[in-house]
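Dear colleague,

I am passing on the structure below, together with some notes on what turned up in it. Please read the notes with the coordinates open beside them.

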Amino acid sequence: MQEILKPNQINEASVLVAIENFVLSSLDAPRQPRSFYEKFTDLLFDFDQIYNADFSYTCLIDLFCNLLYDYDLQRETPTSLYKLLKQSSFREWQTYFNRARADHFNEMRQHRYNERLNTKRLDDRLVELQESYSALLAVRVDLAYEPNPDIQQVNRDLEELRKRLSRSEYGNELLLLVWALEQGEVKGYHCHVALVFDERKRTGAWSIAQAIGKLWKEITKDDGSYFNCHDRRYLKQYEEQDMVGIGVIYSNVPYQANKMRSTLSYLARPEKEQYLRAKTTTKMRTFGMSQR
């Protein structure tokens, strides 16, 4: 069992993914997994440090929410909690976890359905833009954190970014802004952002992506990080694979137009399964499109 960490030492995004993986790996296990009770103890203590009663959690995480009410972790040590958890057999815990099985698969089904709708909406809008403009400038930048904050701070930062962009020099020329907030096991909370302009009015995709990245660092007080998808070395890899779909796109060149639609649809692709395990409210958005 690990040492109990302070809240600011714990990565909320990673802990939530670890809890989900722990529960899922236990559902159909034919025998007790190795170090089951040690991992269980560590995850409960970590979750206690990041738990927020105002947040909305997915059903597998809710299993751990309930356990925080069953066990007073403020009074327990890792050793005493370990002993308490061991009072129930692995099969009993497996039965407890299985209560959420159906709800989990319903959540996943709904997530994939929503993402398919988002993908369709985005593709329809890109087709409209290609029909209305002879050339487009597609800009991509990926935003992340180091270290990862909680989801409430991420939501605030993204709202501030969207406000600042609408008031920036790009605001009046922006034909489409697309953003998708995700949660990865390694990258934690991160956001893919795409902007589309009329190429006759705005050029310099690298510079725009760089400016947005610097704005993100300013908003996050340097806790944020970014990746400029127009970096020459990055683009070269995709050029070699014949997969470039950003930068200047000529609408009357079907090959380029299709590549852009394919590249930008990545933002809403359901098979990535990098959904949020916690939200500030049930209605918190993880995907958005703003357009003229």
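A residue is called buried here if its relative accessible area is under 20%, and please keep in mind throughout that this is a predicted model.

With that cut-off, the buried residues of helix α5, which spans residues 90–98, are F90, W93, Q94, Y96 and F97. When one looks down the axis of α5, these buried residues fall within an arc of 160°, so they line one face of the helix. The cover over the buried residues of α5 includes the helices α1 (12–27), α2 (36–50), α3 (59–70), α4 (78–85) and α6 (101–132).

The second element to look at is strand β4, residues 188–198, in which 11 of the 11 residues are buried, so the strand is largely enclosed by the rest of the structure. Strand β4 is paired with β3 (residues 174–184) in the antiparallel sense over 10 bridges, and the connection between β3 and β4 is a hairpin of three residues. Within this pairing, W179 stands opposite V193 of β4. Strand β2 (residues 135–145) also runs antiparallel to β4, and eight bridges join the two; here L137 has F197 in β4 as its bridge partner. As background for reading these pairings, side chains in a regular strand alternate between the two faces of the sheet.

What, then, is the count of disulfides? It comes to zero, and the distances for two of the cysteines show why. With a disulfide taken as a pair of cysteine sulfur atoms within 2.5 Å, the sulfur of C191 is too far for a bond, because the closest cysteine sulfur, in C229, is 11 Å away. For C229, likewise, the closest cysteine sulfur is that of C191, again at 11 Å and too far for a bond. Both residues count as buried: C191 has a relative accessible area of 2%, and C229 has a relative accessibility of 1%.

Finally, is T280 buried or exposed? Although T280 is placed in the loop between β7 (278–279) and β8 (287–291), this residue is buried, because its relative accessible area of 15% lies under the 20% cut-off. If residues up to four places away in sequence are not counted, T280 touches D54, F55, S56, I151, Q152 and N155.

With best regards

Note on methods:
Residues numbered from 1 in each chain as written. Predicted model: local features only at pLDDT ≥ 70, side-chain atom pairs only at ≥ 80, totals over all residues. Heavy atoms only, no water. Buried < 20%, exposed > 50% of the residue type's maximum accessible area, 1.4 Å probe, protein only. Helix = DSSP H or I, 4+ residues; strand = E, 2+ residues; numbered from the N terminus. Pairing = 2+ DSSP bridges. Arc of directions from axis to C-beta. Contact = heavy atoms within 4.5 Å.
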